[in-house]
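This report covers sheets, helix packing, a chain contact and salt bridges, in that order. The structure comes first.

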Number of protein chains: 2
Amino acid sequence: MYRCEALGRQLGCTVSVKLETANPVRSFKARGTELVASLLTEQGRTAVVCASAGNLGQALGWSGRRRGLSVTVVASRRAPVAKLDRIRALGAELELVDGDFEMARERAANIARQRGIRLVEDSLDVETCEGAATIGLELAGEEATFDAVLIALGGGAMATGVGYVLKTMVPGTEVICVQPTGAPALTRSWHERRVVTTESTDTIADGVAGRYPIPAVLDDLLTVADDAVLVHESSIIAGMRLLLEHTGLVVEPSAALGVAAVLEDRDRFAGRHVVSVICGSNVDLDAYHRWVYR
Amino acid sequence: MYRCEALGRQLGCTVSVKLETANPVRSFKARGTELVASLLTEQGRTAVVCASAGNLGQALGWSGRRRGLSVTVVASRRAPVAKLDRIRALGAELELVDGDFEMARERAANIARQRGIRLVEDSLDVETCEGAATIGLELAGEEATFDAVLIALGGGAMATGVGYVLKTMVPGTEVICVQPTGAPALTRSWHERRVVTTESTDTIADGVAGRYPIPAVLDDLLTVADDAVLVHESSIIAGMRLLLEHTGLVVEPSAALGVAAVLEDRDRFAGRHVVSVICGSNVDLDAYHRWVYR
């Protein structure tokens with residue numbers, strides 16, 4: 001984590017970047033898969049399957065390969081090519097479905113049943129939340145002079161994991177979840193305090209585009225999140241551009257949700273110290289350039 | 001530091017990235033200026049001046065401001081606008097000269113004499129080398145399974161600092177300095193074992209474009225470097241492109257010298273484990289895009 005003054009000047013507040021892309025899988029997801037894979041190894045298990053929007057699959061592939069686990073990843077055929085290629089490059093068996101992430105989840109559950117192997121369910125399985133929670137431990141271990149932490153909201157593992165730690169260790173810190181208007185299911189659920197699903201998603205932030213919130217995750221999120229906000233696609237793109245210009249980081253759309261949230265509500269954050277978790281950089285460069293330089 | 005398999009596949013070897021851009025000044029230079037500025041503060045000094053290609057000035061501005069030091073930076077008018085803007089934004093007094101970096105060095109020395117303030121001479125002043133040497137400590141503190149470390153060679157602070165630590169702690173590691181063919185003075189000096197100067201420089205790697213090697217630095221470099229190689233501009237650009245694609249990092253040309261060196265001599269590095277120090281990301285984005293996407 002480090003302060004980025006140039007970004008702060010643009011946003012009218014103090015901004016710290018918690019960087020989660022400078023690692024072999026270019027996202028925070030290996031924090032959880034390292035835990036899952038090491039537990040599976042202890043248990044003598046040899047195979048594991050997960051559904052993935054693209055980042056969990058890379059992380060599980062990486063953690064599994066290091067331990068000789070056979071890893072199967074189910075993903076949507078529409079996931080970014082960069083993510084699918086990188087899952088394959090890590091030696092995982094990749095199965096593509098013709099639907100979205102929710103269909104991949106269904107298929108992964110079927111594979112787990114058929115083969116009798118462990119299904120890793122992102123956000124539901126506590127290891128995935130505990131892995132993300134180590135981000136919170138690192139934040140709380142700093143001098144923790146920040147007022148708010150902005151967390152991309154997908155399935156909820158990062159928000160519940162980081163949020164739980166912050167609410168325990170530095171309860172005065174505001175935990176704010178950010179989701180795109182085009183994939184608002186969990187945010188709406190949080191506001192209505194009941195599971196709300198959507199028919200479809202429409203966002204470039206592929207990493208957070210779920211439609212069926214998990215009830216147990218919503219329960220946790222209601223306990224640890226102070227707010228959940230939605231941001232427009234144009235703000236996500238503006239956030240990606242600001243991160244490029246002022247940090248030199250090419251990030252995937254989900255990683256720009258925090259900056260987008262500040263852009264959409266400058267008054268709320270004016271003069272405060274916010275942390276934005278830059279959670280992934282697995283993006284198709286062609287698409288990135290279409291978005292950022294159009 | 002982390003392994004980057006995708007980059008390694010492209011280069012035919014194992015590649016670890018030692019990332020020195022994820023910090024408030026986007027280069028490794030604050031490692032040295034933190035030391036300089038804290039010593040000056042202990043001594044009750046209130047002002048300091050340096051010549052800078054652009055990164056040292058930002059770092060000294062940042063370290064000085066934190067301690068209430070008055071910082072003057074002398075730079076070439078031809079330095080990247082991003083670097084000059086960022087020096088000013090940190091509150092330093094910026095004086096521009098109409099020549100190159102060597103003229104800035106002369107002017108900074110004059111200012112120090114006139115004002116009776118400390119001149120920070122990059123690479124000559126041992127604090128700048130000791131600061132960079134902490135990169136070496138971090139590398140040697142890892143399991144140190146790498147075979148070679150590729151270091152951008154400018155004035156020599158990073159090469160002598162990191163090189164000294166590696167030769168002391170992990171002497172089997174090859175220390176390889178990399179400079180552009182368009183700014184070869186120190187590399188030629190190393191090979192001829194005497195100071196060789198050049199009339200001019202011609203490279204996009206503005207951060208390493210010196211013409212007058214410092215004799216004492218050359219002496220140190222002869223002790224700690226195993227090799228010094230020159231790379232072409234096209235390889236630097238190819239290196240920047242590979243780093244963009246495979247790590248998501250927008251780097252300045254000097255930071256791509258290591259990757260360029262592997263590209264130009266694949267056989268030498270085939271199958272080995274190399275560390276490339278990614279030393280800076282202060283680059284004008286317009287120029288970056290002209291280079292990388294032309």
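Chain B holds an open sheet of four strands, ordered S5-S4-S3-S6, with parallel pairing. The model is predicted. At the edges of this sheet are strand S5 (93-97) and strand S6 (118-120) of chain B, each of which pairs on one side only. On average, neighbouring strands of the sheet are turned by 25° against each other, direction ignored.

One pairing in this sheet can be followed to the residue. Strand S3 (residues 47-51) of chain B pairs with S6(B) in the parallel sense, over three bridges. Within that pairing, B:Val48 stands opposite B:Arg118 in S6(B). Helix H5 (residues 101-115) of chain B packs on the sheet and touches S3, strand S4 (70-76), S5 and S6 of chain B. The direction of H5 makes about 150° with that of S4(B).

In chain A, an open sheet of six strands follows the order S1-S2-S10-S7-S8-S9, and its pairing is mixed. Strand S1 (2-3) and strand S9 (227-231) of chain A are the edge strands, each pairing on one side only. Strand S7 (residues 148-152) and strand S10 (residues 273-278) of chain A pair in the parallel sense over three bridges. A:Leu150 stands opposite A:Ser276 in S10(A).

Two helices of chain A are described against this sheet. Helix H7 (residues 157-169) of chain A lies across S7, strand S8 (174-180) and S10 of chain A, and runs at about 160° to S7(A). Helix H11 (residues 257-264) of chain A packs on the sheet, where S7, S8, S9 and S10 of chain A are touched. The direction of H11 makes about 85° with that of S9(A).

The helix angles are set out below.

| Helix | Strand | Angle |
|---|---|---|
| H5 (101-115), chain B | S4(B) | about 150° |
| H7 (157-169), chain A | S7(A) | about 160° |
| H11 (257-264), chain A | S9(A) | about 85° |

The next topic is the contact between the chains. Chain B gives 25 residues to it and chain A gives 25 residues. About 1,800 Å² is buried between chain B and chain A, with 53% of that area from carbon and sulfur atoms. Of the area that chain B buries against chain A, 23% is supplied by B:Tyr2, B:Glu5 and B:Arg26, more than by any other three residues.

Which elements give two or more residues to the side of chain B that touches chain A? After the polar count, which is 10 residue pairs in polar contact between chain B and chain A, both at pLDDT 80 or more, the elements are strand S1 (2-3), helix H1 (5-11), helix H3 (55-66), helix H4 (81-89), helix H10 (233-247) and helix H13 (285-293) of chain B. H10(B) gives the largest share of that side, four residues. By class, the side of chain B that touches chain A has 12 nonpolar, six polar and seven charged residues.

Side chains of opposite charge can pair when their charged atoms come close. Between chain B and chain A the count is two salt bridges. The side chains of B:Arg65 and A:Glu5 meet in a salt bridge, at 2.3 Å from N to O.

Over all chains, a search of the whole structure finds 50 salt bridges. The side chains of A:Arg66 and A:Glu34 meet in a salt bridge at 3.3 Å, N to O. This pair links distant parts of the chain, 32 residues apart: A:Arg66 is in helix H3 (residues 55-66) of chain A, and A:Glu34 is in helix H2 (residues 30-42) of chain A.

Technical notes. Residues numbered from 1 in each chain as written. Chains lettered and ligands numbered in written order. Predicted model: local features only at pLDDT ≥ 70, side-chain atom pairs only at ≥ 80, totals over all residues. Heavy atoms only, no water. Pairing = 2+ DSSP bridges. Contact = heavy atoms within 4.5 Å. Axes fitted to C-alpha atoms, helices over the stretch in contact; angles between N-to-C directions. Buried area = accessible area lost by both parts, 1.4 Å probe. Salt bridge = Lys/Arg side-chain N within 4 Å of Asp/Glu carboxyl O. Polar contact = N/O pair within 3.5 Å; in protein donor to acceptor, adjacent residues only side chain to side chain. Nonpolar A, V, L, I, M, F, W, Y, C, P; charged D, E, K, R; others polar.
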